[in-house]
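I am opening a notebook on a structure that is new to me, and I want to record each thing I look up in turn. The entries go from the aromatic rings outward to the strands, the cores and one loop.

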Amino acid sequence: MGNSTGAAALLLTAMLAGVLHAPSSLAQPNDWVAERVSAVVRIKAHINPDGRTIEALGREREGSAVVIDDDGLLLTIGYLMVEAYAAEIVDNQGRTVPANVVGYDHETGFGLLRTIEPTKLKPMPFGKSADVKEHDPVLVASFGGPGMVGAAYVVAKREFAGSWEYLLDEALFTSPPHPAWSGAALISREGKLVGIGSLIVGDVGGGSDKIPGNMFVPIDRLPPILGDLIADGRPAGPGRPWLGINADEVHGRLFVGRVTAEGPAEKAGIRHGDVIVGVNGEPAKTLSEFYRKVWAQGPAGATIALDVLQDHEVKRIEVKSINRLDHLKLKSTF
């Protein structure tokens, strides 16, 4: 991994020869790599100046996206493009093409764009993330061509809970870490897309070993929502209840680290530094427990009764939830 094309080529050739099954139509491993990574492009997104995510993510965002069909449909990690009013992609030959925002899903974290004209790049085929096993060898590819492809292995398939009301029942964790993980392609030994890069983490195994690496959103989460994202820009239905709370687990307690401005929790009186004790009388000590108890109260729009330690006493605070997507500035005003 790294910026040295020669070193990466040697590493990949050895890896492909030993463990990856290159398609029979491609005689050389390097041909296989070049074909696959040509589908991984750079995305540059320009965010609505009134966007709700600017404070945390900035107005100009850059990372990778993967071409997934012949008409220029691109899959990326959603935080790169959510609330964008304009975007463009740059392929590995330096060609720049404008792209339109297609859709975003908060529950998976996936984002879709489409170039205004076909990219003429061969799309990357989907694999099955369910078939990926711990200890499997994989490749991680960001924009930049073969020199930005790294050999890795799957350390764990486990739950991931993020502080921003985000939970994956089974995320893919790999090591060693890739330096350009945002939107990067996770490629199986069969040469297929099995995940999209989301984070760098210090504990891919989830234990005490503290092995650094990356977290990927499994590709199997995309097909059930792909049609809705293309047609409507979002998944069908009311969505999960969203509160606008960023919480952190500290020694078995859930501390409110940030409350989204003008979000449901702020309007209800939740404040930075509060401690979430439970939901509707049921205790919650971890983020995953908290989220599942909130989401069990009903769809977006449900009133969520939170038990909160505030000003040295436990209070019952009712929060009128909304769909996270309804809080965002998803349509351009320009």
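**Entry 1: an aromatic cluster.** I began with the rings, and I found that Phe160, Trp164, Tyr166 and Phe173 form one aromatic cluster. I note here that the model I am reading is a predicted one. When I searched the whole structure for aromatic pairs, I found six of them. In one of these, the rings of phenylalanine 160 and tyrosine 166 have centres 6.3 Å apart and planes at 65°, and since an angle over 60 degrees counts as edge-to-face, that is how I entered the pair. I then looked at tryptophan 164 and tyrosine 166, whose ring centres are 5.4 Å apart and whose planes stand at 20°, so I wrote this pair down as stacked. A pair of aromatic rings is described by the distance of the centres and the angle of the planes.

**Entry 2: burial of these rings.** Which of the rings are buried, and which are partly exposed? Phenylalanine 160 has a relative accessible area of 12% and is buried, and tyrosine 166 is also buried, with a value of 3%. Tryptophan 164, with a relative accessible area of 31%, is partly exposed.

**Entry 3: charges over rings.** I next checked for charged side chains over aromatic faces, and found that arginine 158 lies over the face of phenylalanine 173, at 3.9 Å from the ring centre. Elsewhere I found the charged end of arginine 240 over the ring of tryptophan 295, at 3.8 Å from the centre of that ring.

**Entry 4: the barrel around phenylalanine 173.** I followed phenylalanine 173 into its strand, where it stands opposite methionine 215 in β12. Strand β9 (residues 166-175) and strand β12 (residues 213-218) run antiparallel and are joined by three bridges. Both strands belong to a barrel that six strands close in the order β7-β8-β9-β12-β11-β10, with antiparallel pairing. I noted an average twist of 45° from one strand to the next in this barrel. Helix α6 (residues 287-295) lies across β8 (149-162) and β9, and the helix runs at about 55° to β8.

**Entry 5: another barrel.** In what order do the strands of the closed barrel that contains β1 run? I read the order as β1-β2-β3-β6-β5-β4, six strands with antiparallel pairing. The twist here averages 40° from one strand to the next. I looked at one pairing in detail: strand β1 (residues 40-47) runs antiparallel to strand β4 (residues 84-90), and six bridges join the two. Isoleucine 47 is found opposite alanine 84 in β4.

**Entry 6: the nonpolar cores.** Which residues touch the most other members of the largest nonpolar core? That core has 58 residues, and I found the answer to be Leu75, Leu193 and Leu222. Strand β1 gives the largest share of this core, with five residues. For leucine 75 I listed the contacts beyond its neighbours within four places in sequence, among them Phe110, Leu112, Leu193, Ile219 and Leu222. I also found a second, separate core of 23 residues, which includes Ala247, Ile276, Tyr291 and Ile317.

**Entry 7: a hairpin.** Strand β13 (residues 245-250) pairs with strand β14 (residues 253-259) in the antiparallel sense, over six bridges. Within this pairing I noted that aspartate 248 has phenylalanine 255 in β14 as its bridge partner. Two residues lie between the strands of the hairpin, and there histidine 251 takes a positive phi near 55°.

**Entry 8: a glycine in a loop.** Past the hairpin I looked up glycine 263, which I located in the loop between β14 and α5 (264-268). Is glycine 263 buried or exposed? Its relative accessible area is 0%, so I recorded glycine 263 as buried. Leaving aside its neighbours within four places in sequence, glycine 263 is in contact with Leu243 and His327. The C-alpha atoms of glycine 263 and isoleucine 245 are separated by 8.4 Å, and the two residues are 18 residues apart along the chain.

**Entry 9: the chain as a whole.** To close, I looked up the totals and found seven helices and 18 strands in the protein chain. The chain has 334 residues, and buried residues make up 50% of them. Among contacts with a separation of 6 or more, I noted that 61% are between residues 24 or more positions apart.

Methods:
Residues numbered from 1 in each chain as written. Predicted model: local features only at pLDDT ≥ 70, side-chain atom pairs only at ≥ 80, totals over all residues. Heavy atoms only, no water. Pairing = 2+ DSSP bridges. Helix = DSSP H or I, 4+ residues; strand = E, 2+ residues; numbered from the N terminus. Axes fitted to C-alpha atoms, helices over the stretch in contact; angles between N-to-C directions. Phe/Tyr/Trp six-rings, centres within 6.5 Å; stacked < 30°, edge-to-face > 60°. Buried < 20%, exposed > 50% of the residue type's maximum accessible area, 1.4 Å probe, protein only. Lys NZ or Arg CZ within 6 Å of the ring centre and 35° of its normal. Contact = heavy atoms within 4.5 Å. Core = buried A, V, L, I, M, F, W, Y, C linked by side-chain atoms within 4.5 Å.
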